[in-house]
Amino acid sequence: MQFAQRLNVIGESVTLAVNAQAAQLRRQGIDVVSFGAGEPDFDTPASIKQIAIDALLAGKTKYEPTAGTPEARRAIVDKLAQFNKLAYSPEQVIVSAGGKHSLYLAMMAVLNTGDEVILPAPYWVSYPAMVKLAGGVPVMVRGRPEKDFKITPEQLAAAITPRTRMFIINSPSNPGGHTYHPHELAALAEVIAPHAGIWVCSDEIYERLIFGEQKTCSWAALDFTRWKDRTITCNCLSKTYAMTGWRIGYTAGPRPLIDAMNKLQSQMTSNITSFCMPAIVEALTNSTLEKEVEKMRSAFEKRGEYMWRRLNAIPGFSCVRPTGAFYAFTGIGGALGRPLGKSKAPAREAVEFCRRVLDEVHVALVPGNDFGFCDHVRLSFATSMENISKGLDRLEGFLKL
Ligand SMILES: Cc1ncc(COP(=O)(O)O)c(C=O)c1O
């Protein structure tokens, strides 16, 4: 059977392959501890669910405006003003089917064939695929673990060419768990600013999950007058409100960009599910939900700290301390090439290492290959302390010399 050539530009995800293997072991009744989750292990707050149920029962089951209901867009505008210090109008906002769809539409709206997109590595697994599907060329800039994976202004400057059309920044980051401080963002902004043709796509979906004294800010808030016409601010409800399955994302940017995304979305998916629109208003305007958001954030912080300490105590592992999101991206270089597990056979890189760990001690890790680092693994701490402790005990056993 023949399929479209565009499929050839994107590869199979190794993450999915490891997940499939984990699922197969579970079907055999094996107790697998999974560190693979890219989603909160908490439930969506009850009031958000109730609003959607009420809307459904009240018959809110028909098409809605493509960019979102006026109420949903207003709630997003108010949130952006209050929380992010960004002065957008409702016409500068579009609601799409999750952060993923928001980002994809933005790339489809902006990129032409051969346009280069600068991606700090490690990067979220879908960025390169989206860039390629939109005809662009991903240009990786590798963050170093010694610098908490944050790229420097010098590295960014060296990656810019006349073909550069977009720079993607994700802070806090999946999978790095690192977060750029506003002054670090400002230093990167100074590099981009003179290049008027470069868009900045700021993926801020983990903005509420930051730990300790860490600070960050929206890229456009660095200087709204300077950046408002060049920044694509993407966000979603998925991680902050434990709503991954609802598929609610949004983008704010200059009106012509939002119009272009609207044009694309109107021919693709139309509006998001109609009875989810009131849930956006509830999530973003009911201030009592702050307690629930904070409960989840502080649980992630405690678990992240515990996981980070234990991972760094494992010989051969080294992990950058997570300052945001819910991932510990761990260097396994010191464990590769030496005897491992019962068989004492060595592993050469992360995919092989993850397969062995899953096979022998039933712990699911995500190999770093899909994120640009084949000597790293990603562990999500969006799972209970009990699971974290059990999984790390097993991992320690596997690595014991
Ligand atoms: C960095 C990053 N951006 C975007 C997304 C997509 O979010 P959503 O689930 O809302 O589509 C994810 C999901 O894991 C992510 O980690």
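**Notebook: domains, helix packing and backbone exceptions**

I started with the domain split: domain 1 covers 5-43 + 291-399, and domain 2 covers 48-288. The model is predicted, and I kept that in mind throughout.

*Entry 1, the domains.* I looked up how far apart the two C-alpha centres lie, and got 26 Å between domain 1 and domain 2. Next I checked the contact between them. On the domain 1 side 34 residues take part, and they meet 32 residues of domain 2. Which elements give two or more residues to the side of domain 1 that touches domain 2? I found α11 (290-312) and β10 (327-331). Helix α11 gives the most, with seven residues. I then sorted this side of domain 1 by class and noted 16 nonpolar, 10 polar and eight charged residues.

*Entry 2, the whole chain.* I noted 13 helices and 13 strands. The C-alpha trace spans about 60 × 55 × 55 Å along its principal axes. I compared the radius of gyration with the globule rule: for 401 residues a compact globule would be near 21 Å, and the chain has 21 Å, so the two agree.

*Entry 3, α3 against α10.* Helix α3 is residues 70-82 and helix α10 is residues 277-285. I read their axes as coming within 8 Å and crossing at roughly 25°. That makes α3 roughly parallel to α10, because angles under 35 degrees count as such. The crossing is left-handed. Which residues of α3 meet α10? I listed E71, A72, A75, I76 and K79 in α3, facing M277, I280, V281, L284 and T285 in α10. By class, this contact has seven nonpolar, one polar and two charged residues.

*Entry 4, α2 against α10.* I turned to α2 (residues 46-57), whose axis also comes within 8 Å of the α10 axis. Here the crossing angle is roughly 150°. The pair is therefore roughly antiparallel, since the cut-off is over 145. I noted a right-handed crossing of α2 past α10. From α2 the contact uses S47, I48, I51, A52 and A55, and from α10 it uses P278, A279, E282 and A283. The classes are seven nonpolar, one polar and one charged.

*Entry 5, α11 against α13.* I came back to α11 and set it against α13 (residues 385-399). Their axes come within 11 Å and cross at roughly 10°, so α11 and α13 are roughly parallel to each other. R303, Y306, M307 and R310 in α11 meet M385, I388 and L392 in α13. I counted no polar residues in this contact, with five nonpolar and two charged.

*Entry 6, backbone exceptions.* Most residues other than glycine have a negative phi, and most peptide bonds are trans. I went looking for departures. Where does a cis peptide bond join two residues? I found one between A121 and P122, with omega about 5°. P122 sits in the loop between β3 (116-121) and α5 (126-133). Another cis bond joins N174 and P175, with omega about 10°. I placed P175 in the loop between β5 (164-170) and α7 (182-192). For phi, I noted F149, a residue other than glycine with a positive value near 70°. F149 is in the loop between β4 (137-142) and α6 (153-159).

Notes:
Residues are numbered from 1 along each chain as its sequence is written. This is a predicted model: local features need pLDDT of at least 70, side-chain atom pairs count only at pLDDT 80 or more; totals for chains, interfaces and linings use all residues. Axes are lines fitted to C-alpha atoms, for helices over the stretch in contact, and angles run from 0 to 180 degrees between N-to-C directions. Angles under 35 degrees count as roughly parallel, over 145 as roughly antiparallel, 65 to 115 as roughly perpendicular and the rest as oblique. A crossing is left-handed if the near helix is turned anticlockwise from the far one by less than a right angle, and right-handed if clockwise. Two residues are in contact if their C-beta atoms, placed from the backbone, lie within 7 Å. Ala, Val, Leu, Ile, Met, Phe, Trp, Tyr, Cys and Pro count as nonpolar, Asp, Glu, Lys and Arg as charged, and the others, Gly among them, as polar. Domain bounds come from an automatic or database domain assignment. The radius of gyration is taken over C-alpha atoms; the globule rule is 2.2 Å times the number of residues to the power 0.38.
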